[in-house]
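Visitor: Before we look, I would like each label to be justified by a value and a cut-off. Can we go through the model in that way?

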Amino acid sequence: MTPTWRKPVGMLGILLLILVWCVAIVSFSNIVGSWHWLAQLVFYVFTGLIWIAPLKPVLRWMEIER
């Protein structure tokens with residue numbers, strides 16, 4: 001079995017997604033910081049989990065061997 005280029009590219013793509021997502025969420029910290037603590041909790045739990053959704057197609061693409 002020969003190594004494929006898809007796994008390193010996919011890994012870098014996932015790391016880029018995480019970086020962009022974190023920067024986007026942190027950019028809202030001034031706005032979200034003024035919310036009630038319960039609203040902040042809901043926001044950060046939701047945004048902390050939603051980034052996982054795009055990973056399934058990327059992981060599937062990484063595992064395809066041609």
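Guide: Contact means heavy atoms within 4.5 Å. Keep in mind that this is a predicted model.

Visitor: Which residues is Gln40 in contact with, leaving aside its neighbours within four places in sequence?

Guide: Gln40, which is found in helix H3, is in contact with Val32, Gly33 and Trp35. Gln40 and Ser29 are eleven residues apart in sequence, with their C-alpha atoms 9.6 Å apart.

Visitor: What makes the approach of the Gln40 side chain to the backbone oxygen of Gly33 a polar contact?

Guide: A polar atom of the Gln40 side chain lies 3.3 Å from that oxygen of Gly33. The cut-off for a pair of N or O atoms is 3.5 Å, so the pair counts as a polar contact.

Visitor: Thr47 is also in helix H3. Why is Thr47 called buried?

Guide: Buried means under 20% relative accessible area. Thr47 has 8%, so the label applies. The side chain of Thr47 reaches the backbone oxygen of Phe43 at 2.9 Å. Not counting residues up to four places away in sequence, Thr47 touches Trp21 and Ile25.

Visitor: How many aromatic pairs does a search of the whole structure find?

Guide: The search finds three. In one of them, Trp5 and Trp61 have their ring centres 5.5 Å apart and their planes at 70 degrees.

Visitor: Why is the pair of Trp5 and Trp61 called edge-to-face?

Guide: Ring centres must lie within 6.5 Å, and planes over 60 degrees apart count as edge-to-face. With 5.5 Å and 70 degrees, the pair of Trp5 and Trp61 therefore meets both conditions.

Visitor: Why is this pair said to tie together separate parts of the chain?

Guide: Trp5 is in the segment before helix H1 (6-27) and Trp61 is in helix H4 (residues 55-63), so the parts joined are 56 residues apart in sequence.

Visitor: Trp5 and Trp61: buried, partly exposed or exposed?

Guide: Exposed means over 50%, and Trp5 has 54% relative accessibility, so Trp5 is exposed. Trp61 has 29%, which lies between 20% and 50%, so Trp61 is partly exposed.

Visitor: What makes Trp35 and Phe43 an edge-to-face pair?

Guide: The centres are 5.5 Å apart and the planes are at 85 degrees. Against the limits of 6.5 Å and 60 degrees, Trp35 and Phe43 therefore count as edge-to-face. Ring pairs link Trp35, Phe43 and Tyr44 into a cluster. Within that cluster, Trp35 is partly exposed at 37% relative accessibility, whereas Phe43 is buried at 17%.

Visitor: Which residues does Trp61 touch, not counting residues up to four places away in sequence?

Guide: Trp61 touches Trp5, Arg6, Val9 and Gly10. Arg6 belongs to helix H1, and its side chain reaches the backbone oxygen of Trp61 at 3.2 Å. That distance is within 3.5 Å, so this too is a polar contact. Arg6 has a relative accessible area of 8% and is therefore buried.

Visitor: Why does Gly10 count as buried?

Guide: Gly10 has 3% relative accessibility, under the 20% limit, so Gly10 is buried. Gly10 is in helix H1. Leaving aside neighbours within four places in sequence, its contacts are Val58, Trp61 and Met62. The C-alpha atoms of Gly10 and Met62 are separated by 6.0 Å, although these residues are 52 apart along the chain.

Visitor: How do you know that Lys7 forms a salt bridge with Glu63?

Guide: The closest N and O atoms are 3.7 Å apart. A salt bridge needs such atoms within 4 Å, so the pair of Lys7 and Glu63 qualifies. The link runs from helix H1, which holds Lys7, to helix H4, which holds Glu63, over 56 residues of separation. A search of the whole structure finds one salt bridge. Lys7 is partly exposed, at 38%.

Visitor: Which residues make the nonpolar surface patch?

Guide: Trp37, Leu38, Leu41, Val45, Leu49 and Ile52 make a patch of about 610 Å². Leu41 lies in helix H3 (residues 37-50).

Visitor: What makes Leu41 partly exposed?

Guide: Leu41 has a relative accessible area of 45%, between the limits of 20% and 50%, so Leu41 is partly exposed. Patch residues need over 30%, so Leu41 also passes that cut-off.

Conventions. Residues numbered from 1 in each chain as written. Predicted model: local features only at pLDDT ≥ 70, side-chain atom pairs only at ≥ 80, totals over all residues. Heavy atoms only, no water. Phe/Tyr/Trp six-rings, centres within 6.5 Å; stacked < 30°, edge-to-face > 60°. Helix = DSSP H or I, 4+ residues; strand = E, 2+ residues; numbered from the N terminus. Buried < 20%, exposed > 50% of the residue type's maximum accessible area, 1.4 Å probe, protein only. Patch = residues over 30% accessible without salt bridge, like charges linked within 9 Å, V, L, I, M, F, W, Y side chains within 5 Å. Areas by Shrake-Rupley, 256 points an atom, 1.4 Å probe, with all protein chains shown as cover. Salt bridge = Lys/Arg side-chain N within 4 Å of Asp/Glu carboxyl O. Polar contact = N/O pair within 3.5 Å; in protein donor to acceptor, adjacent residues only side chain to side chain.
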